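I opened this model to look up its aromatic pairs, its sheets and the helices that lie on them. My entries follow.

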Amino acid sequence: MIRSFSAHTSEIDDAALAVEEIKRRLDCDGKLMKNSVGILVCFVDFIETGVVKALSEALPFDILGMTTIASASPGQCGETALCILVLTSDDTEFVPVLSGPVQGEDPSVLRRSYGEAVRGREGRPSLILGFFPMLFAAGVDFFVESMDEITGGVPIFGSLAVDHNDDYHESGIIIGGEAWHDRCAFLLFYGDGTPRFYTGNIPKDGIFPAEGTITASSGNLIQRVDGKLMIDYLVSLGLTRNEDGDIDGINSFPIIVDCKDGTEPVLTTMMAITPEGYVVCGRKIPVGATFAVGRYFPDGIIQAAASTLENALDGGLCRTMLIFSCVDRYFSLLHDQYAEMETVVSRMENSGISFMMAYSGGEVCPVRKNSDELANRAHSNTFIVCVF
(Lines give C-alpha, C1' and ligand atoms only; values in the text may rest on other atoms or scores of the structure.)
Protein backbone atom coordinates (compact mmCIF):
# COMPACT_ATOMS: atom_id res chain seq x y z
CA MET A 1 0.00 0.00 0.00
CA ILE A 2 1.19 3.48 -0.89
CA ARG A 3 0.17 6.45 1.24
CA SER A 4 0.89 10.06 0.41
CA PHE A 5 0.74 13.65 1.57
CA SER A 6 1.53 16.92 -0.17
CA ALA A 7 2.63 20.50 0.45
CA HIS A 8 3.36 23.69 -1.47
CA THR A 9 5.10 27.02 -1.10
CA SER A 10 5.22 30.32 -2.98
CA GLU A 11 8.32 31.49 -1.12
CA ILE A 12 10.93 31.80 -3.89
CA ASP A 13 13.51 34.20 -2.47
CA ASP A 14 14.26 32.79 0.98
CA ALA A 15 15.26 29.11 0.88
CA ALA A 16 15.19 28.72 4.67
CA LEU A 17 11.63 30.05 4.91
CA ALA A 18 10.51 27.88 2.00
CA VAL A 19 11.94 24.74 3.60
CA GLU A 20 10.35 25.63 6.94
CA GLU A 21 6.96 26.09 5.25
CA ILE A 22 7.17 22.80 3.34
CA LYS A 23 8.29 20.85 6.42
CA ARG A 24 5.49 22.34 8.51
CA ARG A 25 2.86 21.50 5.93
CA LEU A 26 4.17 17.99 5.31
CA ASP A 27 4.46 17.26 9.05
CA CYS A 28 6.42 14.06 8.31
CA ASP A 29 6.85 12.98 11.95
CA GLY A 30 5.25 9.58 12.40
CA LYS A 31 3.93 9.48 8.81
CA LEU A 32 6.85 7.99 6.93
CA MET A 33 6.95 4.25 6.41
CA LYS A 34 9.92 2.06 5.42
CA ASN A 35 10.32 3.58 1.92
CA SER A 36 9.60 7.18 0.91
CA VAL A 37 10.20 9.52 -2.03
CA GLY A 38 9.20 13.05 -3.01
CA ILE A 39 7.79 14.07 -6.42
CA LEU A 40 8.48 17.78 -6.99
CA VAL A 41 7.33 20.30 -9.60
CA CYS A 42 8.20 23.97 -9.54
CA PHE A 43 8.58 27.29 -11.34
CA VAL A 44 12.19 27.51 -12.52
CA ASP A 45 13.11 30.33 -10.11
CA PHE A 46 12.99 27.89 -7.19
CA ILE A 47 16.10 26.24 -8.63
CA GLU A 48 17.97 29.51 -9.17
CA THR A 49 17.36 30.76 -5.61
CA GLY A 50 18.47 27.48 -4.02
CA VAL A 51 15.09 26.39 -2.65
CA VAL A 52 15.13 23.04 -4.48
CA LYS A 53 18.66 22.29 -3.30
CA ALA A 54 17.87 23.24 0.31
CA LEU A 55 14.69 21.17 0.30
CA SER A 56 16.52 18.13 -1.05
CA GLU A 57 19.08 18.43 1.74
CA ALA A 58 16.48 19.00 4.46
CA LEU A 59 14.05 16.15 3.79
CA PRO A 60 14.90 12.53 4.70
CA PHE A 61 14.14 10.98 1.29
CA ASP A 62 15.07 11.31 -2.38
CA ILE A 63 13.33 14.00 -4.44
CA LEU A 64 12.87 14.10 -8.22
CA GLY A 65 10.61 15.87 -10.69
CA MET A 66 10.66 18.75 -13.17
CA THR A 67 10.11 22.42 -13.85
CA THR A 68 6.69 23.57 -14.97
CA ILE A 69 4.80 26.75 -15.82
CA ALA A 70 1.99 26.23 -13.29
CA SER A 71 0.95 23.66 -10.71
CA ALA A 72 -1.73 22.78 -8.17
CA SER A 73 -2.05 20.86 -4.92
CA PRO A 74 -4.74 20.77 -2.19
CA GLY A 75 -5.97 24.29 -1.52
CA GLN A 76 -3.86 26.18 -4.05
CA CYS A 77 -2.86 26.67 -7.67
CA GLY A 78 -0.65 29.14 -9.50
CA GLU A 79 2.44 29.84 -11.57
CA THR A 80 5.17 30.81 -9.11
CA ALA A 81 4.75 27.79 -6.85
CA LEU A 82 6.61 24.68 -5.76
CA CYS A 83 4.60 21.53 -5.01
CA ILE A 84 5.80 18.26 -3.52
CA LEU A 85 3.92 14.97 -3.29
CA VAL A 86 5.44 12.47 -0.86
CA LEU A 87 4.85 8.75 -1.45
CA THR A 88 5.55 6.34 1.41
CA SER A 89 5.12 2.58 1.73
CA ASP A 90 6.24 -0.49 3.66
CA ASP A 91 5.83 -2.89 0.73
CA THR A 92 6.77 -0.78 -2.33
CA GLU A 93 10.36 0.30 -2.94
CA PHE A 94 11.13 3.52 -4.83
CA VAL A 95 14.34 3.60 -6.89
CA PRO A 96 15.36 6.99 -8.39
CA VAL A 97 17.48 6.95 -11.56
CA LEU A 98 19.34 9.75 -13.38
CA SER A 99 20.25 9.01 -16.98
CA GLY A 100 23.36 10.21 -18.75
CA PRO A 101 23.16 13.08 -21.27
CA VAL A 102 20.77 12.42 -24.14
CA GLN A 103 22.37 13.33 -27.48
CA GLY A 104 19.92 12.74 -30.27
CA GLU A 105 17.66 9.73 -30.59
CA ASP A 106 20.20 7.16 -29.42
CA PRO A 107 18.61 4.82 -26.83
CA SER A 108 21.94 3.44 -25.58
CA VAL A 109 22.21 5.97 -22.73
CA LEU A 110 18.71 5.06 -21.52
CA ARG A 111 19.47 1.35 -21.81
CA ARG A 112 22.66 1.75 -19.81
CA SER A 113 21.03 3.81 -17.04
CA TYR A 114 18.08 1.45 -16.69
CA GLY A 115 20.33 -1.60 -16.76
CA GLU A 116 22.45 -0.27 -13.92
CA ALA A 117 19.34 0.53 -11.85
CA VAL A 118 17.77 -2.92 -12.15
CA ARG A 119 20.96 -4.99 -11.94
CA GLY A 120 20.70 -7.59 -9.18
CA ARG A 121 16.97 -7.01 -8.58
CA GLU A 122 14.38 -9.72 -8.95
CA GLY A 123 11.58 -9.13 -11.41
CA ARG A 124 10.63 -5.98 -13.25
CA PRO A 125 9.35 -2.72 -11.78
CA SER A 126 5.57 -2.47 -11.55
CA LEU A 127 5.62 1.17 -12.69
CA ILE A 128 8.03 3.84 -13.91
CA LEU A 129 7.46 7.56 -13.38
CA GLY A 130 9.44 9.40 -16.05
CA PHE A 131 10.53 13.03 -16.26
CA PHE A 132 12.01 13.94 -19.62
CA PRO A 133 13.90 17.00 -20.93
CA MET A 134 12.57 19.27 -23.65
CA LEU A 135 15.04 18.68 -26.50
CA PHE A 136 15.02 19.63 -30.18
CA ALA A 137 17.06 16.51 -30.98
CA ALA A 138 14.77 13.97 -29.27
CA GLY A 139 10.98 13.95 -29.00
CA VAL A 140 8.57 12.37 -26.58
CA ASP A 141 7.95 9.45 -28.97
CA PHE A 142 11.64 8.55 -28.80
CA PHE A 143 11.63 8.44 -25.00
CA VAL A 144 8.43 6.39 -24.77
CA GLU A 145 9.28 3.91 -27.52
CA SER A 146 12.84 3.44 -26.28
CA MET A 147 11.88 2.88 -22.65
CA ASP A 148 9.02 0.59 -23.67
CA GLU A 149 11.44 -1.63 -25.57
CA ILE A 150 14.20 -1.45 -22.94
CA THR A 151 11.89 -2.35 -20.03
CA GLY A 152 9.81 -4.93 -21.84
CA GLY A 153 6.62 -2.93 -21.54
CA VAL A 154 6.68 -1.73 -17.92
CA PRO A 155 3.91 0.93 -17.60
CA ILE A 156 5.38 4.44 -17.87
CA PHE A 157 3.64 7.60 -16.67
CA GLY A 158 5.24 11.03 -16.84
CA SER A 159 5.93 14.32 -18.56
CA LEU A 160 8.32 16.50 -20.55
CA ALA A 161 9.53 19.50 -18.56
CA VAL A 162 8.45 23.04 -19.49
CA ASP A 163 8.95 26.55 -18.15
CA HIS A 164 7.57 30.06 -18.69
CA ASN A 165 9.77 30.91 -21.71
CA ASP A 166 8.50 30.68 -25.28
CA ASP A 167 11.22 28.19 -26.20
CA TYR A 168 11.37 26.46 -22.78
CA HIS A 169 15.16 26.93 -22.67
CA GLU A 170 15.29 26.95 -18.86
CA SER A 171 13.16 23.84 -18.41
CA GLY A 172 14.71 20.78 -16.85
CA ILE A 173 14.32 17.65 -14.80
CA ILE A 174 15.18 17.68 -11.11
CA ILE A 175 16.91 15.02 -9.03
CA GLY A 176 19.18 15.22 -6.00
CA GLY A 177 18.58 18.96 -5.65
CA GLU A 178 20.02 19.68 -9.09
CA ALA A 179 18.41 20.55 -12.43
CA TRP A 180 19.42 18.95 -15.72
CA HIS A 181 18.52 20.12 -19.22
CA ASP A 182 19.62 17.05 -21.19
CA ARG A 183 18.95 14.09 -18.89
CA CYS A 184 16.00 11.99 -17.78
CA ALA A 185 14.90 11.19 -14.25
CA PHE A 186 13.05 7.95 -13.55
CA LEU A 187 11.40 6.55 -10.46
CA LEU A 188 11.12 2.76 -10.49
CA PHE A 189 8.40 1.18 -8.33
CA TYR A 190 9.06 -2.30 -6.98
CA GLY A 191 5.98 -3.74 -5.33
CA ASP A 192 2.64 -5.40 -5.94
CA GLY A 193 -0.06 -3.83 -8.01
CA THR A 194 -0.29 -1.33 -10.85
CA PRO A 195 -2.03 2.03 -10.54
CA ARG A 196 -4.95 3.02 -12.74
CA PHE A 197 -4.54 5.46 -15.63
CA TYR A 198 -7.01 7.89 -17.19
CA THR A 199 -6.80 10.30 -20.13
CA GLY A 200 -9.02 13.11 -21.36
CA ASN A 201 -8.73 15.47 -24.28
CA ILE A 202 -11.65 16.91 -26.26
CA PRO A 203 -15.40 16.47 -25.71
CA LYS A 204 -17.31 15.00 -28.66
CA ASP A 205 -18.92 18.29 -29.63
CA GLY A 206 -15.43 19.70 -30.25
CA ILE A 207 -14.57 17.12 -32.94
CA PHE A 208 -15.23 17.51 -36.68
CA PRO A 209 -17.52 14.67 -37.88
CA ALA A 210 -15.31 13.76 -40.86
CA GLU A 211 -12.69 11.01 -40.51
CA GLY A 212 -9.69 10.66 -42.80
CA THR A 213 -7.25 7.82 -43.48
CA ILE A 214 -3.55 8.61 -43.67
CA THR A 215 -2.21 7.37 -46.99
CA ALA A 216 1.32 8.81 -46.82
CA SER A 217 3.43 9.84 -43.82
CA SER A 218 7.03 10.03 -42.68
CA GLY A 219 7.71 10.05 -38.96
CA ASN A 220 5.72 12.96 -37.54
CA LEU A 221 4.84 14.36 -40.99
CA ILE A 222 1.37 13.69 -42.35
CA GLN A 223 1.75 13.99 -46.11
CA ARG A 224 -1.49 12.70 -47.65
CA VAL A 225 -4.96 11.87 -46.39
CA ASP A 226 -7.38 9.90 -48.56
CA GLY A 227 -4.92 10.55 -51.40
CA LYS A 228 -5.04 14.35 -50.95
CA LEU A 229 -2.29 16.62 -49.71
CA MET A 230 -2.85 17.12 -45.98
CA ILE A 231 -3.27 20.89 -46.42
CA ASP A 232 -5.97 20.32 -49.07
CA TYR A 233 -7.75 17.86 -46.80
CA LEU A 234 -7.84 20.43 -43.99
CA VAL A 235 -9.19 23.09 -46.34
CA SER A 236 -11.93 20.65 -47.38
CA LEU A 237 -13.05 20.57 -43.73
CA GLY A 238 -13.50 24.33 -43.71
CA LEU A 239 -10.14 25.49 -42.35
CA THR A 240 -8.84 28.56 -44.18
CA ARG A 241 -5.38 29.23 -45.61
CA ASN A 242 -3.93 32.69 -45.16
CA GLU A 243 -2.00 34.63 -47.82
CA ASP A 244 1.21 32.77 -46.89
CA GLY A 245 -0.44 29.40 -47.46
CA ASP A 246 -0.57 28.55 -43.76
CA ILE A 247 -3.56 27.99 -41.50
CA ASP A 248 -3.65 30.53 -38.69
CA GLY A 249 -3.67 28.91 -35.27
CA ILE A 250 -2.98 25.43 -36.66
CA ASN A 251 -1.89 24.25 -33.20
CA SER A 252 -5.39 24.96 -31.86
CA PHE A 253 -6.71 22.13 -34.06
CA PRO A 254 -5.43 18.88 -32.48
CA ILE A 255 -6.11 15.55 -34.13
CA ILE A 256 -7.44 12.37 -32.56
CA VAL A 257 -5.51 9.45 -34.06
CA ASP A 258 -6.53 5.78 -34.15
CA CYS A 259 -3.41 3.81 -35.06
CA LYS A 260 -5.50 0.69 -35.81
CA ASP A 261 -3.32 -1.46 -33.56
CA GLY A 262 -5.92 -2.25 -30.91
CA THR A 263 -5.01 0.69 -28.66
CA GLU A 264 -7.24 3.55 -27.66
CA PRO A 265 -7.04 6.65 -29.92
CA VAL A 266 -4.59 9.34 -28.78
CA LEU A 267 -4.45 13.06 -29.29
CA THR A 268 -1.60 14.94 -30.94
CA THR A 269 -0.91 18.51 -32.01
CA MET A 270 -0.66 19.89 -35.53
CA MET A 271 2.36 22.14 -35.13
CA ALA A 272 3.17 23.59 -38.57
CA ILE A 273 2.61 23.30 -42.31
CA THR A 274 5.57 22.65 -44.60
CA PRO A 275 6.04 24.33 -48.01
CA GLU A 276 4.98 21.03 -49.61
CA GLY A 277 1.60 21.12 -47.86
CA TYR A 278 2.47 18.48 -45.25
CA VAL A 279 1.63 18.90 -41.57
CA VAL A 280 4.15 18.52 -38.76
CA CYS A 281 2.64 16.73 -35.77
CA GLY A 282 3.67 16.22 -32.17
CA ARG A 283 4.22 12.48 -32.58
CA LYS A 284 4.80 9.80 -35.21
CA ILE A 285 1.76 9.02 -37.35
CA PRO A 286 1.64 5.66 -39.20
CA VAL A 287 0.18 5.08 -42.65
CA GLY A 288 -3.23 3.45 -42.32
CA ALA A 289 -4.16 5.34 -39.17
CA THR A 290 -7.44 7.21 -39.17
CA PHE A 291 -8.00 10.57 -37.52
CA ALA A 292 -10.49 13.32 -36.86
CA VAL A 293 -9.73 17.00 -36.33
CA GLY A 294 -10.77 18.70 -33.12
CA ARG A 295 -10.81 22.22 -31.83
CA TYR A 296 -10.04 23.51 -28.37
CA PHE A 297 -12.32 25.95 -26.63
CA PRO A 298 -12.14 26.87 -22.94
CA ASP A 299 -15.39 25.22 -21.87
CA GLY A 300 -14.35 22.02 -23.62
CA ILE A 301 -11.00 21.95 -21.82
CA ILE A 302 -12.71 22.27 -18.44
CA GLN A 303 -15.39 19.75 -19.37
CA ALA A 304 -12.83 17.15 -20.44
CA ALA A 305 -10.74 17.62 -17.29
CA ALA A 306 -13.77 17.38 -15.01
CA SER A 307 -15.05 14.27 -16.78
CA THR A 308 -11.66 12.54 -16.61
CA LEU A 309 -11.35 13.40 -12.93
CA GLU A 310 -14.79 11.95 -12.22
CA ASN A 311 -13.89 8.74 -14.04
CA ALA A 312 -10.73 8.46 -11.95
CA LEU A 313 -12.60 9.05 -8.69
CA ASP A 314 -15.29 6.53 -9.64
CA GLY A 315 -12.76 3.87 -10.68
CA GLY A 316 -12.23 2.49 -7.18
CA LEU A 317 -10.34 3.18 -3.98
CA CYS A 318 -8.20 6.28 -4.46
CA ARG A 319 -5.61 7.60 -2.02
CA THR A 320 -3.31 9.53 -4.37
CA MET A 321 -3.51 11.27 -7.75
CA LEU A 322 -0.70 12.54 -9.94
CA ILE A 323 -1.97 14.70 -12.80
CA PHE A 324 -0.29 16.25 -15.84
CA SER A 325 -2.00 18.47 -18.40
CA CYS A 326 -0.60 19.79 -21.67
CA VAL A 327 0.71 23.33 -21.57
CA ASP A 328 -1.27 24.04 -24.77
CA ARG A 329 -4.44 23.53 -22.75
CA TYR A 330 -3.19 26.15 -20.29
CA PHE A 331 -2.58 28.68 -23.06
CA SER A 332 -5.89 27.84 -24.76
CA LEU A 333 -7.74 28.99 -21.64
CA LEU A 334 -6.75 32.53 -22.67
CA HIS A 335 -7.67 35.07 -19.96
CA ASP A 336 -8.69 32.34 -17.49
CA GLN A 337 -5.58 30.16 -17.51
CA TYR A 338 -6.06 28.86 -13.94
CA ALA A 339 -9.53 27.48 -14.71
CA GLU A 340 -8.46 23.87 -15.28
CA MET A 341 -6.37 23.82 -12.11
CA GLU A 342 -9.16 25.47 -10.15
CA THR A 343 -11.55 22.78 -11.36
CA VAL A 344 -9.23 20.09 -10.00
CA VAL A 345 -8.64 21.86 -6.67
CA SER A 346 -12.36 22.49 -6.18
CA ARG A 347 -13.39 18.91 -6.99
CA MET A 348 -10.71 17.42 -4.73
CA GLU A 349 -11.55 19.69 -1.79
CA ASN A 350 -12.49 17.70 1.32
CA SER A 351 -11.88 14.41 -0.52
CA GLY A 352 -9.02 13.38 1.73
CA ILE A 353 -7.02 12.48 -1.40
CA SER A 354 -3.47 13.75 -1.82
CA PHE A 355 -2.81 15.06 -5.31
CA MET A 356 -0.48 17.14 -7.40
CA MET A 357 -1.05 18.62 -10.86
CA ALA A 358 1.46 20.23 -13.21
CA TYR A 359 1.57 21.44 -16.81
CA SER A 360 3.54 19.39 -19.30
CA GLY A 361 5.34 19.72 -22.63
CA GLY A 362 4.32 16.20 -23.65
CA GLU A 363 2.37 13.64 -21.66
CA VAL A 364 3.23 9.96 -21.18
CA CYS A 365 0.48 7.60 -20.09
CA PRO A 366 -0.45 3.98 -20.82
CA VAL A 367 -3.66 3.32 -22.75
CA ARG A 368 -5.78 0.22 -23.06
CA LYS A 369 -4.95 -2.28 -25.79
CA ASN A 370 -7.49 -4.92 -26.80
CA SER A 371 -9.43 -4.22 -23.58
CA ASP A 372 -7.19 -6.16 -21.19
CA GLU A 373 -3.62 -4.95 -21.84
CA LEU A 374 -1.75 -1.69 -21.38
CA ALA A 375 0.40 -0.03 -24.04
CA ASN A 376 2.70 2.92 -23.33
CA ARG A 377 1.86 5.99 -25.39
CA ALA A 378 3.03 9.57 -25.91
CA HIS A 379 0.25 12.17 -25.87
CA SER A 380 -0.16 15.87 -26.45
CA ASN A 381 -2.99 18.28 -25.62
CA THR A 382 -4.09 15.69 -23.06
CA PHE A 383 -5.08 15.59 -19.39
CA ILE A 384 -3.61 12.46 -17.82
CA VAL A 385 -4.14 10.95 -14.37
CA CYS A 386 -2.30 8.24 -12.40
CA VAL A 387 -4.24 6.89 -9.42
CA PHE A 388 -2.78 4.92 -6.51
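**Entry 1: Phe157 and its ring partners**

I looked up Phe157 and found it buried, with a relative accessible area of 0%. Buried means under 20% relative accessible area, exposed over 50%, partly exposed in between (1.4 Å probe, protein chains only). I noted that this is a predicted model, where local features need pLDDT of at least 70, side-chain atom pairs count only at pLDDT 80 or more, and totals for chains, interfaces and linings use all residues. Residues are numbered from 1 along each chain as its sequence is written, and side-chain values use heavy atoms, with hydrogens and water left out.

Next I looked at ring pairs. Rings of Phe, Tyr and Trp (its six-membered ring) pair if their centres lie within 6.5 Å; planes under 30 degrees apart count as stacked, over 60 as edge-to-face and the rest as tilted. I got 11 aromatic pairs by this rule. Phe157 and Phe197 make a stacked pair, 6.1 Å centre to centre with 25 degrees between the planes. Phe157 is in strand 9 (residues 156–160) and Phe197 in strand 13 (residues 196–200), so their pair ties together parts 40 residues apart in sequence. Helices (H or I, at least four residues) and strands (E, at least two) are DSSP runs, numbered from the N terminus. Phe197 is buried too, at 15% relative accessibility. Ring pairs also join Phe131, Phe157, Phe197 and Phe324 into a cluster.

**Entry 2: the sheet with strand 13**

I followed strand 13 into an open sheet of six strands, ordered 5-4-23-22-28-13, with mixed pairing. Two strands pair if DSSP finds at least two bridges between them. Strand 5 (76–78) and strand 13 are the edge strands, each pairing on one side only.

Which strands does helix 7 lie across? I found helix 7 (residues 298–314) across strand 13, strand 22 (320–326) and strand 28 (383–387), at about 160 degrees to strand 13. Contact means heavy atoms within 4.5 Å. Axes are lines fitted to C-alpha atoms, for helices over the stretch in contact, and angles run from 0 to 180 degrees between N-to-C directions.

**Entry 3: a second sheet**

I then traced an open sheet of six strands in the order 1-6-2-3-10-11, again with mixed pairing. Strand 1 (2–9) and strand 11 (178–180) are at the edges with a single partner strand each, so one side of each has no neighbour in the sheet. Strand 10 (residues 173–175) pairs with strand 11 in the antiparallel sense over three bridges. Ile174 stands opposite Ala179 there. Helix 1 (residues 15–26) lies across strand 1 and strand 6 (82–89), at about 145 degrees to strand 1.
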